[in-house]
Amino acid sequence: MNEIHTHLTACAAEARRVARGVRDDHLAAPSLCDGWTVRELANHLVLYTSHGLEHRALRTQLPEETVQRDFAGEDGWAEAYAVQLDRALAAWEKPDAWEGDVDMGGSPVPAAEIAAMLVEELALHGWDLARSTGQDFALPEATAAYLLDVVERYAEMYRQYEGFAAAVDVPDDAPAFDRALAVSGRNPEG
């Protein structure tokens, strides 16, 4: 196994735990992601960090019915997410998942970079879901440091597509996870 897979696994474990803590009465509430309810955020997280994660490893397209699915509206959605996360992680355990490029909207991107972006997706939207539902989200220090590196590498690209807001000021000696959140435009305190 490689370092990126280790970080994917750490982020997936925390996202899985957070999803299990989302109650039905949370779903209609606004999330920390501007314009999204908790349900919309949960659906985005499930779609891209479990189904999308697996499909990227397999180099297959997400079926349209999966893209349109209301995962959080289904009974047992958090457990189904946990199972799908395990499938996705297993797909990335295969050496050929790391070879070559993955299509990203018509542009080839090295598989390892796609996996790095998915670490970011799991961690940041996992944190968004946690905070939106009154939960915490914690990562091992090595994963937080890796996340910070990825967020710093891609921050300007994400800002171009309005995926990140302007960076938030935090002390230079803040923990790596707090700095990653801040670079992505998230306030670690809120």
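**Note on the predicted model: cysteines, helix H2, aromatic pairs, overall fold**

1. Cys33 is buried: its relative accessible area is 12%, and burial here means under 20%. Please keep in mind throughout that this is a predicted model.

2. How many disulfides does the model contain? The count is zero. Cys11 takes part in none; the nearest cysteine sulfur belongs to Cys33 and is 16 Å away. A disulfide needs the two sulfur atoms within 2.5 Å, so a pair 16 Å apart does not qualify. Cys33 is likewise in no disulfide, with the sulfur of Cys11 as its nearest, 16 Å off. Cys11 is buried too, at a relative accessible area of 0%.

3. Helix H2 covers residues 38-58, which makes 21 residues. At 1.5 Å a residue, H2 should span 30 Å. Its end C-alpha atoms lie 29 Å apart, so the length agrees with expectation.

4. Where is H2 kinked? The kink is centred on Gly52 and amounts to about 40 degrees. When you view the helix, look there.

5. H2 is mostly covered, with 16 of its 21 residues buried. Arg59 follows the helix, and its phi is positive, near 65 degrees.

6. A search of the whole structure gives three aromatic pairs. One of them joins Trp92 and Trp98. The ring centres are 4.8 Å apart and the planes meet at 65 degrees, which makes the pair edge-to-face. Trp92 and Trp98 are both buried.

7. Phe137 and Phe177 form another pair. Why is it called tilted? Its planes are at 35 degrees, and tilted pairs are those neither under 30 degrees nor over 60. The ring centres are 6.0 Å apart. This pair links distant parts of the chain, 40 residues apart. Phe137 sits in the loop between helix H5 (111-132) and helix H6 (141-160), while Phe177 is in helix H7 (residues 176-183). Phe137 and Phe177 are both buried.

8. The protein chain has seven helices and two strands. From the N terminus the order is α-α-α-α-β-β-α-α-α.

9. Does the overall size fit a compact globule, or depart from it? For 190 residues, such a globule would have a radius of gyration near 16 Å; the chain has 16 Å, so the two agree. Along the principal axes, the C-alpha atoms fill a box of roughly 40 × 40 × 30 Å.

10. Of the 190 residues, 49% count as buried. Among contacts with a separation of 6 or more, 69% are between residues 24 or more positions apart.

How values were computed. Residues are numbered from 1 along each chain as its sequence is written. This is a predicted model: local features need pLDDT of at least 70, side-chain atom pairs count only at pLDDT 80 or more; totals for chains, interfaces and linings use all residues. Side-chain values use heavy atoms; hydrogens and water are left out. Buried means under 20% relative accessible area, exposed over 50%, partly exposed in between (1.4 Å probe, protein chains only). Helices (H or I, at least four residues) and strands (E, at least two) are DSSP runs, numbered from the N terminus. The expected span of a helix is 1.5 Å times one less than its number of residues. The bend at a residue is the angle between axes fitted to the seven residues ending there and the seven starting there. Rings of Phe, Tyr and Trp (its six-membered ring) pair if their centres lie within 6.5 Å; planes under 30 degrees apart count as stacked, over 60 as edge-to-face and the rest as tilted. The radius of gyration is taken over C-alpha atoms; the globule rule is 2.2 Å times the number of residues to the power 0.38. Contact means heavy atoms within 4.5 Å.
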